[in-house]
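The exercises below are meant to be worked with the sequence and the 3D model side by side. Try each task before reading its solution.

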Amino acid sequence: MRRLIPLALPLALAGLVLAGCAVTAQPAASPSASSLTTETSVQTTSDIDSTIPAAAADLIAANADGTVVNDDEWSIADAETITLSGSTASSDSAGVSIDGSTVTITAAGVYQLSGTLDGNVVVAAPDDAQVVLVLDDATIASTSGAAIQVVTADDVAINLAAGSSNAVTAATFADADASAAIYADSDLTLSGTGALTVTDTGNDGISATDDLAVIGGTITVDASDDALRGKDSLIVQDGTLTLTAGGDALKSDQTDDATQGYVWIAGGTVTATATDDGIDAWTDALITGGTVSLATDDDGIHSEIALAISGGDVTISRSNEGIESGDIRIAGGTTSVTASDDGVNASGGSSTSTSSGGGMGGGMQDTGETLTISGGTLVVDAEGDGLDSNGSITMTGGDVTVHGPTGQGNGALDSNGGIDVSGGTLAAIGSAGTAESPDESSAQGWLAATASGSAGSTVRITDATGAVIAEYTAEKAFATVVFSSSAITDGQSYTVTVDGTATSVTAGVAVAGGMGMGGGMGGGRR
């Protein structure tokens, strides 16, 4: 697992205000909005908004600076007009050249495009240029490469004019110079309040080799491979995104820099269907706000290094593994996961292995991965392990409910390094084959019961006086119940009642015949 020195990050976390020019080497005071076209707003880690929990804030600070062109950095009054007319176009701008069906923009500035073009729009401006393309009822369809391609520029923005409906279509290929319907060899920002539909039948929908930021617009992407791809980073602040991907829905895959290759959802609404991962980050994946709904055939959210959810509303309605990373942190928000394999899987770490000290004679190894839950609401419906860590599971707060699995080869809770619970509420309702309980050393009391039921069964937990501590409706068949909350005291008697059938248990005693404490089957890594 990497450990990074926190870097200055030009992201005001409350509103995700990102500067649009080259990042300065040293932290500086944030400039006024009117100066953003010539200066960069740089924020030190000490300035990080206190509303972002530390579980996500240190990951944000550990990643490189993001770049965006805000709407207040340019004016539509300065726009040059480009009229698209079938197989050609026209413009009076000195910064525009037209060769048949290819429109080339060669200078910095704001350009307003409208009409229909069966061809290509190319940005070949100076390396330090900021170019804004305002799509105002523009339809661009290419049969030869990207429909919109940035060859050279510093920062490029595609703004969707208010009330406009725009479409970009292409059939690019992975080995092409520009392998997306909209392809930028630069930083790229999508903004505005209009609508954009992007279709690529050969490869990616929208791709940038540097930072890709979405700060507005109603954007629909249907791509043969990845829908949105920012190689250095992919950041969503606002907008309504509907993504259909033959590959990953949202992806960042910079492999040459440990501070890049991250995906950050800070706001907006994202609805994505993907054949591969919903979110795929080479380094870190962060969700601090917004509404995210994912249906995938592989992982719902996957990152190679760390993954944090500290806000927002996340629904993974279909996945193989719901959430997977070596360092998973749930610190806030509302998260619902449905998985055909593991629901939340901490795997892939590289720390030194130690004996697990429990379950199957200690045969599985603690390889250093961590699943930490400190806040928020998490509901998991899994056919593999519900919460799984090749290392440890730590819970200090939050509200967690696990339904499943039903098979005997997995468990609702499964760790190689033990489960420590010191706060929050945990309910794990699953099979009996590998039922694991929290560690004996956990500061918070817990109970485990052999109690069977089916989907729709009512599970009620009461204390010795008959007072109801908690009640749940099972989502599927089950044979064990594990529960922990501040209302449970080790050594005291409690009753777990399923549809009227009562089972008496003593808090702190593992299920007979189960995997006991601090062990479990572990694994789950593909």
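**Exercise 1.** In this predicted model, what kind of interaction joins the side chains of R229 and D253, and what is the distance from N to O?

*Solution.* The side chains of R229 and D253 meet in a salt bridge, with 3.1 Å from N to O. As a next step, place both residues along the chain: R229 belongs to strand β18, whereas D253 sits in the loop between β20 and β21 (262-265), so that the pair links distant parts of the chain, 24 residues apart. Finally, consider their surroundings, where R229 is buried and D253 is buried as well.

**Exercise 2.** Determine whether D226 and K251, which form a salt bridge, are buried or exposed.

*Solution.* Begin with the geometry: the closest N and O atoms of D226 and K251 are 3.6 Å apart. The pair links distant parts of the chain, D226 lying in the loop between β17 (211-223) and β18 (228-230) and K251 in strand β20 (residues 250-252), 25 residues apart. Then turn to accessibility, for which buried means under 20% relative accessible area. D226, with a relative accessible area of 3%, is buried, and K251, at 17% relative accessibility, counts as buried too.

**Exercise 3.** Work out the strand order of the open sheet of 4 strands, and explain why one side of β43 and of β46 is left without a neighbour in the sheet.

*Solution.* Start from β42 (residues 458-462), which pairs with β43 (residues 468-473) in the antiparallel sense over 5 bridges; within this pairing, T462 has V468 as its bridge partner. The two strands form a hairpin with 5 residues between them, and G466 in the turn has a positive phi of about 95 degrees. β42 also pairs with β45 (residues 493-498), in the antiparallel sense and over 4 bridges, with I461 standing opposite V496. β45 in turn pairs with β46 in the antiparallel sense over 6 bridges, and here Y494 stands opposite V505. Assembling these pairings gives the order β43-β42-β45-β46. Because β43 and β46 (501-506) stand at the edges, each with a single partner strand, one side of each has no neighbour in the sheet. Neighbouring strands of this sheet are turned by 20 degrees against each other on average, direction ignored.

**Exercise 4.** Find which residue forms a salt bridge with R460, and state how accessible the two partners are.

*Solution.* The partner is E471, the closest N and O atoms being 2.7 Å apart. The pair joins R460 in strand β42 to E471 in strand β43, 11 residues apart. As to accessibility, R460 is partly exposed, with a relative accessible area of 31%, and E471 counts as partly exposed at 45%.

**Exercise 5.** Identify the residues that touch the most other members of the largest nonpolar core, and list the contacts of L250.

*Solution.* This core has 93 residues, of which L113, I206, L228, L243, L250, I301 and L387 touch the most other members. Leaving aside its neighbours within four places in sequence, L250 is in contact with L228, L234, V236, L243, V263, I265, V270, G278, I279 and D280. A second, separate core of 19 residues includes V459, A470, A474 and Y494.

**Exercise 6.** How many of the 8 residues of helix α1 (residues 54-61) are buried?

*Solution.* The buried residues are A55, A56, A57, L59, I60 and A61. Since 6 of the 8 residues are buried, helix α1 is largely enclosed by the rest of the structure.

Note on methods: Residues are numbered from 1 along each chain as its sequence is written. This is a predicted model: local features need pLDDT of at least 70, side-chain atom pairs count only at pLDDT 80 or more; totals for chains, interfaces and linings use all residues. Side-chain values use heavy atoms; hydrogens and water are left out. Two strands pair if DSSP finds at least two bridges between them. Axes are lines fitted to C-alpha atoms, for helices over the stretch in contact, and angles run from 0 to 180 degrees between N-to-C directions. Buried means under 20% relative accessible area, exposed over 50%, partly exposed in between (1.4 Å probe, protein chains only). A nonpolar core is a set of buried Ala, Val, Leu, Ile, Met, Phe, Trp, Tyr and Cys residues joined through side-chain atoms within 4.5 Å. Contact means heavy atoms within 4.5 Å. A salt bridge is a side-chain nitrogen of Lys or Arg within 4 Å of a carboxyl oxygen of Asp or Glu.
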